[in-house]
Amino acid sequence: MSTDIPVSYLTTTRQTATSTDTPNELSSQDFLELMIAQLRNQDPSSPMDSSALMQQTTQMSTMESLIELTSTSREQFAVSMRMAAANLVGQTVSWADADGVAQTGVVDSVSYAGAVPTVLVGGKEIALDSVASVKRTTSTTTA
């Protein structure tokens with residue numbers, strides 16, 4: 001007696017339930033649902049090997065850890081870019097404009113509205129990754 005569940009049934013059911021997910025990616029919830037369905041519908045005369053179950057569980061755990069590590073790395077990179085952009089306020093920066101001409105100016109402010117922070121130099125928004133050099137602006141104070 002075969003109790004195999006067609007993959008198309010599981011895929012269709014999952015996509016209907018959460019249409020916001022990308023259809024070609026499996027989440028940990030998808031994996032658990034598939035594993036539970038596999039356990040429920042296994043042939044009692046030849047049950048799933050416990051070492052295979054442990055291997056699948058370990059692989060899922062490893063995958064979740066890698067996803068979390070990747071997410072943390074992205075967040076750290078974003079924070080580093082924001083800090084770098086904030087430190088440019090008041091500094092003289094150089095960059096190449098759309099025509100490839102070198103430009104220089106003092107950073108007035110920073111915007112974090114986009115994926116890459118931008119610095120405002122003389123009314124122009126410059127992406128942080130377009131800044132070619134930074135020169136500390138010396139301030140002169142009179143006593």
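**Exercise 1.** Does Thr92 count as buried or exposed, and at what relative accessibility?

*Solution.* The model is a predicted one, and every value used here is computed from it. As a starting step, locate the residue: Thr92 lies in strand β1, which covers residues 92-96. Next, take the cut-off, under which a residue is buried if its relative accessible area is under 20%. Thr92 has a relative accessibility of 19%, and therefore it counts as buried. Finally, list the surroundings: leaving aside residues up to four places away in sequence, Thr92 touches Thr104, Gly105, Val106, Ser133, Val134, Lys135 and Thr137.

**Exercise 2.** Determine how strand β1 is joined to strand β2, and identify the bridge partner of Thr92 in β2.

*Solution.* Begin with the sense of the pairing: β1 and β2 are antiparallel and are held in register by five bridges. Then look at the connection, where five residues stand between the two strands of this hairpin, and where Gly100 in the turn has a positive phi of about 85°. The partner sought is Val106, which bridges to Thr92 from β2, and Val106 also appears among the residues that Thr92 touches.

**Exercise 3.** Follow the pairing onward from β2 through β3 to β4, giving the number of bridges and the bridge partners at each step.

*Solution.* In the step from β2 (residues 102-111) to β3 (residues 118-121), the strands pair in the antiparallel sense over four bridges. Among the partners, Val107 is matched with Val121 of β3, while Ser109 is matched with Leu120 of β3. The two strands make a hairpin, with six residues between them. In the step from β3 to β4 (residues 124-127), four bridges again join strands that run antiparallel, and Thr118 has Ala127 of β4 as its bridge partner. This hairpin has two residues between its strands, and Gly122 in the turn has a positive phi of about 55°.

**Exercise 4.** Place these strands within the whole chain, and state what share of its residues is buried.

*Solution.* Start with the inventory, which comes to three helices and five strands, and then with their order, which from the N terminus reads α-α-α-β-β-β-β-β. For burial, 15% of the 143 residues of the chain count as buried. For the surface, the chain exposes about 10,700 Å², of which carbon and sulfur atoms supply 56%. For the contacts, consider those with a separation of 6 or more: 41% of them are between residues 24 or more positions apart.

Terms used:
Residues are numbered from 1 along each chain as its sequence is written. This is a predicted model: local features need pLDDT of at least 70, side-chain atom pairs count only at pLDDT 80 or more; totals for chains, interfaces and linings use all residues. Side-chain values use heavy atoms; hydrogens and water are left out. Buried means under 20% relative accessible area, exposed over 50%, partly exposed in between (1.4 Å probe, protein chains only). Contact means heavy atoms within 4.5 Å. Accessible areas come from the Shrake-Rupley method with a 1.4 Å probe; for residues, only the protein chains shown count as cover. Two strands pair if DSSP finds at least two bridges between them.
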